[in-house]
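Please open the model in a viewer and keep the sequence panel at hand. The tour below proceeds by selection, with a short account of what is found at each stop.

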Amino acid sequence: YMINSRYSTDTCEVVLRLNDTNQNQVQHLTWHYEMLQKSVDDNDEQGKSKLEQISIIPKRDADQKPFRICVPQSRFLSELIWIEEDREKELLPGMVEVRVHCVGINFRDVLKSRGLYPYTRTFAQPDENQPRVNQDTEPGSDFVGTIIRVDPTTTTNFQVGDHVVGVTGDGTYHSHIMINSQLIIRIPSDFPLTDEQLCGMPTPLLTVIYSLKYRVHLQSHQTVLIHAATGAAGQWCIQYCQYIGARVIATAGTEEKRDFVREYYGIEHVFNSRDASFVNNIHEILPQGVDVIVNSLSGNLLKESIKLLAYHGQFVEWGKRDIYHDNNLSMFQLRSDCSFHVIDFISLADHVSPLIRLMLEEAIDLFIQRKLRAVEPTVSYEPSQVIEALLRCNSGQVMGKTVFRISSSDQPLSIHKIQSTSLLKVVSDNTMFPSEVCNQGTILISGGFGGLGLTMSRWMIEQRGVKHIALMSRRTLVELEKPSNPQYDDWLRLKRTIKEYNAHVDVVQADVTNFQQVHDLIERFNKTSYPIRGIIHSAVVAEDRTLGNITQEHLSLVLPPKVRGAWYFHQATQLLHAPIHFFIMFSSIRNHLLEVSSAGYNAGNQFLDALAHYRFEKLSLPALSISLPAVSGAGMFHRHKEMLSTLKETQGFELMPTITVFELIESFHQTQKICPCPVIFAVNWQTLHRNYPTLATSFLRKIVDQRYKEMKFDQIASSSSSSGKNNSTESSMNKKETIIERTQSAVARLLGATSVDRIVIDRSLVSQGMDSLAAVSLYNWLGQETGIYIPLVELLHGLSIETIAILVYNKLNEKEQTTSSTTKEHDSDFDLVDENEVQFSNTSIYTGLENIICLYRSNQNNTSTLFCITQISNDNNNEDLFTFFIDKLSNQKDKTSSNDIYALQIQIPSITSSSISTYAQNLITQMRRIQPCGFYQIVAIRNKPEETIAHEMLKQLKTHSRITNTQLHLLDAHN
């Protein structure tokens with residue numbers, strides 16, 4: 001599971017639940033991504049505005065530069081900022097405008113800042129069902145300030161310059177607020193408290209007065225139990241009880257707090273509030289129970305506390321957790337004529353109750369009479385320290401009251417000036433490479449030393465006129481300059497391009513998994529004349545393992561470059577208000593395929609998709625997470641050619657030219673509003689449909705199924721099969737001419753030619769204006785019309801229509817000849833395999849596991865698969881063994897060659913009786929990588945260890961996977 005980001009200091013940590021018996025094996029892994037709640041509306045400054053910092057001295061500049069707190073949509077306290085605010089021009093009747101000097105912090109304000117306050121926002125409910133959704137981002141209720149405007153149309157007792165204290169439920173973390181005059185009271189000139197001591201008074205003290213005087217009607221002969229007595233409300237509750245003359249018993253969470261209550265307030269009995277031991281302690285000194293319980297505990301401690309009520313006792317509930325969790329309470333505990341009071345003081349302020357003014361007057365009088373005093377300690381902060389102040393209140397270890405100054409502060413404060421824009425947009429149009437990006441900004445590429453980063457940099461400079469690029473990598477320029485570097489040639493080509501086009505490329509060493517380095521790098525560029533305007537996140541570490549072999553160490557290696565890197569770019573650009581025009585993250589087509597071995601890698605890709613949705617849909621920020629295909633000459637598939645070979649053979653995926661991919665990325669930038677997570681691939685649809693069950697995502701399966709039906713492959717295959725060798729040369733020529741004619745017409749439409757005759761059939765299509773996007777369309781059209789896929793790389797090398805027609809014609813003829821020449825010799829168990837047609841694979845078919853070899857692949861569509869268990873030869877000469885299998889299978893004469901044949905290799909000397917089960921499990925994993933679903937046909941040599949393992953495989957398939965549709969074929973050994 002993943003720690004809920006609202007309770008974690010590091011939002012990028014993935015926490016794994018490990019198997020108790022084997023701490024190195026992952027038992028369960030779920031990637032949890034929580035879409036943060038608040039939607040972006042048209043007036044949301046964070047989602048729709050560019051923010052520019054300015055520095056002010058609040059005491060001097062507040063009236064000219066009014067400001068307020070801005071709660072981030074992420075609800076991370078670390079992202080709280082002060083922003084500029086427009087003061088309203090007109091006052092409503094009965095309202096006054098107050099310049100806020102300082103404010104108190106209540107725990108409610110911490111909850112609001114973190115989006116956790118239950119009354120204003122019920123978790124996971126839409127806005128229309130929220131009772132007070134607009135209050136969600138308005139922390140603060142208590143304040144001290146000076147009146148600067150009064151409503152001239154309403155008679156009040158206030159005038160400009162009055163020094164006032166008040167309370168409101170509408171938020172007070174502003175330099176200026178509008179408030180109903182019924183909710184404030186003038187502070188006498190001889191008042192004994194400072195503004196900082198008084199500003200935290202209203203909510204806690206008025207809650208005490210309201211509870212004990214107006215609800216409980218506390219008498220001097222009564223006994224009061226006060227839980228959590230060291231907070232502001234708890235201390236003023238003690239003081240008020242002592243003023244009335246009631247006896248006080250208290251609880252507190254630590255010995256330090258308990259000592260404070262004993263020494264500072266002279267309370268004899270102070271017990272532990274962290275467990276239920278206070279119940280027995282109180283029963284010992286008060287067998288009849290207590291008259292009043294003031295409670296802020298929850299859960300079982302609340303239920304235990306209520307048992308302490310005396311006859312006619314009264315339980316005052318200040319806490320809210322059990323209420324909003326809808327917890328049960330035994331009514332039996334109230335049987336002795338007891339009362340239960342739920343106190344929600346802030347609702348009195350919401351309804352502008354006259355009782356507020358009355359209680360404020362009472363409180364002020366009690367201070368003047370020295371019946372009450374300030375709570376200890378009162379800790380004051382500057383507005384620039386608001387995050388630290390809220391974190392202090394959030395710790396649960398504090399005593400007294402925390403407050404912070406606003407307009408009374410004489411310390412510098414950075415506020416963010418709002419300039420209305422859209423998507424933090426700093427450019428004049430929606431193209432990916434406007435002048436503001438190409439000439440006035442820098443494009444930052446993580447993983448910039450990879451082939452893809454270097455190649456794309458060269459394309460952006462040559463084709464799009466980009467002048468400033470920063471290549472970010474953990475490696476140094478010295479490493480990049482070494483001839484042994486695999487990307488050395490790409491780097492030399494880029495250097496020539498830089499010189500030729502007078503561009504500037506910075507090579508910067510920074511770790512994308514280190515937030516401070518990412519932040520400092522972007523900040524450094526933003527202080528130059530060429531700030532970061534675009535981010536391309538291509539950093540990746542590829543190390544595949546099956547899910548059963550994933551460890552925490554493995555994920556710590558694979559996930560951070562993608563996950564932390566993307567998240568740190570997001571955080572840093574937000575904190576620095578970088579004028580980002582595009583934010584592109586490179587995912588992979590592998591994210592949409594059933595690859596057991598790439599679980600960790602694809603978990604990172606899933607996060608990129610989630611972040612793209614979050615940035616765009618929730619924050620209205622630019623974002624693209626692009627699933628890249630196999631790119632010619634660059635990227636992961638270029639580095640892992642065996643992976644590409646497998647995808648081509650088993651799924652039909654083709655290489656795509658780099659330029660085509662880059663142009664598609666550019667076009668996707670303009671459509672990110674409707675598709676923030678596009679997938680790019682070129683594929684032989686017929687091959688892909690044949691492996692339909694291996695597609696991991698239902699979305700991709702739906703597309704493949706739909707395309708297969710649209711292309712009518714069954715009809716094409718049927719037509720190809722029925723057209724035997726007897727077709728005349730004349731009809732063949734007509735077919736070739738038809739291909740030319742139809743291709744010429746299609747190209748004319750693709751290129752927008754006014755007439756078909758303008759397309760010359762013997763000239764290169766590239767020379768006639770075909771770009772990479774048109775080539776993709778032609779590639780798909782040819783596949784749909786003929787079932788033949790000419791690689792994009794070849795199309796863009798300058799083929800003419802005539803050459804294309806010959807290629808298509810020849811491939812169709814090859815299919816016809818293959819179909820008509822197959823023999824129909826059947827065997828009860830096996831399909832015929834012509835030994836002369838066997839093609840051995842010199843490299844392992846990529847599965848994420850070792851030692852799986854493709855011996856033979858049938859050209860037919862409806863094939864079955866044979867899995868041969870075989871030894872790995874000590875002299876690495878496996879061809880004789882493979883030939884043995886082919887020869888044995890070829891002797892079966894009753895069936896045509898419609899089997900794919902794979903060899904599952906094992907190390908015979910290392911097999912022991914105790915390891916057979918593990919070997920079988922691993923072989924099943926490899927087998928299911930090729931064929932996820934049964935019917936499974938396993939081939940082994942009789943009376944060999946392979947036979948033992950084969951029987952164990954069948955047993956495990958039946959026992960653990962509930963697969964009974966299997967068959968074992970045993971062959972006699974070499975003569």
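## First stop: a stacked ring pair

Select Phe340, which counts as partly exposed, because its relative accessibility is 29% and the partly exposed class runs from 20% to 50%. The model is a predicted one. Now add Phe315, which at 0% relative accessible area is buried. The ring centres of Phe315 and Phe340 are 5.1 Å apart and the planes stand at 10 degrees, so the pair is stacked; the limit for stacking is an angle under 30 degrees. Phe315 belongs to strand S15 (residues 309-317) and Phe340 to strand S16, so that the pair links distant parts of the chain, 25 residues apart.

## The whole protein

Zoom out and colour by secondary structure: the protein has 33 helices and 32 strands. Colouring by burial shows 55% of the 975 residues as buried. The accessible surface comes to about 42,800 Å², and carbon and sulfur atoms account for 46% of it. Of the contacts between residues at least 6 apart in sequence, 74% join residues at least 24 apart.

## The sheet that holds S15 and S16

Return to strands S15 and S16 and extend the selection to their sheet. In which order do its six strands lie? The order is S13-S12-S11-S14-S15-S16, in an open sheet with parallel pairing. Strand S13 (270-272) and strand S16 (339-342) form the edges, each pairing on one side only. On average, neighbouring strands of this sheet are turned by 20 degrees against each other, direction ignored.

Next, select residues 223-226 and 247-252. These are strands S11 and S12, which pair in the parallel sense over four bridges. Within this pairing, Leu225 has Ile249 of S12 as its bridge partner. Then display helix H8 (residues 277-285), which packs on the sheet and touches S11, S12, S13 and strand S14 (290-295). The direction of H8 makes about 150 degrees with that of S13.

## An aromatic cluster

Show the aromatic side chains; the count of aromatic pairs comes to 14. Select Trp82 and Phe404: their ring centres are 6.2 Å apart with the planes at 65 degrees, so this pair is edge-to-face. Trp82 lies in strand S5 (residues 81-84) and Phe404 in strand S18 (residues 401-405), so the pair ties together parts that are 322 residues apart in sequence. Are these two residues buried or exposed? Both Trp82 and Phe404 are buried. Add Phe67 and Tyr173 to complete the selection, since Phe67, Trp82, Tyr173 and Phe404 form one aromatic cluster.

## A second six-stranded sheet

Select residues 468-473, which make up strand S21, and locate His468 within this strand. His468 has a relative accessible area of 14% and is therefore buried, the cut-off being under 20%. Which residues does His468 contact beyond its neighbours within four places in sequence? They are Cys438, Gly441, Thr442, Ile443, His504 and Tyr530. Of these, Tyr530 is 62 residues from His468 in sequence, while the C-alpha atoms are 7.6 Å apart in space.

Extend the selection from S21 to its sheet, an open one of six strands in the order S22-S21-S20-S23-S24-S25 with parallel pairing. At the edges are strand S22 (504-509) and strand S25 (624-628), each of which pairs on one side only. From one strand to the next, the twist averages 20 degrees.

Highlight strand S23 (residues 532-537) and strand S24 (residues 582-588), which pair in the parallel sense over four bridges. Here Ile536 has Ile584 of S24 as its bridge partner. Then show helix H19 (residues 552-576), which lies across strand S20 (442-446), S21, S23 and S24 and runs at about 165 degrees to S23.

## Last stop: helix H20

Select residues 599-619, the 21 residues of helix H20. From the first C-alpha to the last, H20 reaches 29 Å, close to the 30 Å expected at 1.5 Å a residue. The helix is mostly covered, with 17 of its 21 residues buried. Finish at Ser620, just after H20, where phi is positive at about 55 degrees.

Methods: Residues are numbered from 1 along each chain as its sequence is written. This is a predicted model: local features need pLDDT of at least 70, side-chain atom pairs count only at pLDDT 80 or more; totals for chains, interfaces and linings use all residues. Side-chain values use heavy atoms; hydrogens and water are left out. Two strands pair if DSSP finds at least two bridges between them. Helices (H or I, at least four residues) and strands (E, at least two) are DSSP runs, numbered from the N terminus. Axes are lines fitted to C-alpha atoms, for helices over the stretch in contact, and angles run from 0 to 180 degrees between N-to-C directions. Contact means heavy atoms within 4.5 Å. Buried means under 20% relative accessible area, exposed over 50%, partly exposed in between (1.4 Å probe, protein chains only). Accessible areas come from the Shrake-Rupley method with a 1.4 Å probe; for residues, only the protein chains shown count as cover. The expected span of a helix is 1.5 Å times one less than its number of residues. Rings of Phe, Tyr and Trp (its six-membered ring) pair if their centres lie within 6.5 Å; planes under 30 degrees apart count as stacked, over 60 as edge-to-face and the rest as tilted.
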